[in-house]
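Here are a few exercises on charged side chains and who they pair up with. Grab your viewer and work through them one at a time.

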Amino acid sequence: MNQFLVPLLLALLHLTPSFSLFGASQTQDADNTGLTVVRGRVVCLDSRGRGEVVGCTEAAGNFGLVSPDGKRYRFLSTDISTAMFTDPRVRQRELQITAKLFPGDKLEIVTVQSIREGKLYDIYYFCELCNVRAYAPGPCPCCRAELEFRETPP
């Protein structure tokens, strides 16, 4: 039972609506809720969380974000939403991440969107058969078929 419960809980945790801020700077306050919007590319970090590693593996689990101006952020090691970054397709995209900012430029993800041709797209994994939306690659928590990667306008 537990093998099905965890992916289902992950999917439910991320059913919050996404929002977009066009014309956003690299980093800005999303609103008065203490959230920050950061744009950049996700990188894999070494075990100390300092240097970038080329061969990123699922086991690494340390991810950071580098903005176009070179500013570096780290994701909290306890943030389960970083499971999305194990997918190389996500790491290859320019992203806009809405997150809670902690001291030391650490981020806790609220939403992840890709940026293509200046437009934002929600990225997620989907099972057509079960109509299940998840935010990490892998098998569907319902039927166990592989989830399909999707990018759609918000």
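**Exercise 1.** Find the salt-bridge partner of Arg-116 in this predicted model, and work out where the two residues sit.

*Solution.* Start with the contact: Arg-116 pairs with Glu-151, and their closest N and O atoms are 3.7 Å apart. That makes the cut, because a salt bridge needs the nitrogen within 4 Å of the carboxyl oxygen. Next, place the two ends: Arg-116 belongs to strand E6 (residues 106–116) and Glu-151 to strand E9 (residues 148–152). They're 35 residues apart, so this pair links distant parts of the chain.

**Exercise 2.** Are Arg-116 and Glu-151 buried, partly exposed or exposed?

*Solution.* Take the arginine to begin with: Arg-116 has a relative accessible area of 37%, so call it partly exposed. Then the acid: Glu-151 comes in at 17%. Buried means under 20%, so Glu-151 is buried.

**Exercise 3.** Which residue does Glu-128 form a salt bridge with, and what does the pair tie together?

*Solution.* Glu-128 meets Arg-150, with 2.5 Å between the closest N and O atoms. Glu-128 lies in the loop between strands E7 (119–127) and E8 (132–134), while Arg-150 is in strand E9, so the bridge ties together parts 22 residues apart in sequence. Now check the surroundings: Glu-128 is exposed at 56% relative accessible area, whereas Arg-150 is buried at 19%.

**Exercise 4.** Find the salt bridge between Arg-150 and Glu-148, then classify Glu-148 by accessibility.

*Solution.* The side chains of Arg-150 and Glu-148 come together at 3.3 Å, N to O. Glu-148 is partly exposed, with 42% relative accessibility.

Definitions and conventions:
Residues are numbered from 1 along each chain as its sequence is written. This is a predicted model: local features need pLDDT of at least 70, side-chain atom pairs count only at pLDDT 80 or more; totals for chains, interfaces and linings use all residues. Side-chain values use heavy atoms; hydrogens and water are left out. Helices (H or I, at least four residues) and strands (E, at least two) are DSSP runs, numbered from the N terminus. Buried means under 20% relative accessible area, exposed over 50%, partly exposed in between (1.4 Å probe, protein chains only).
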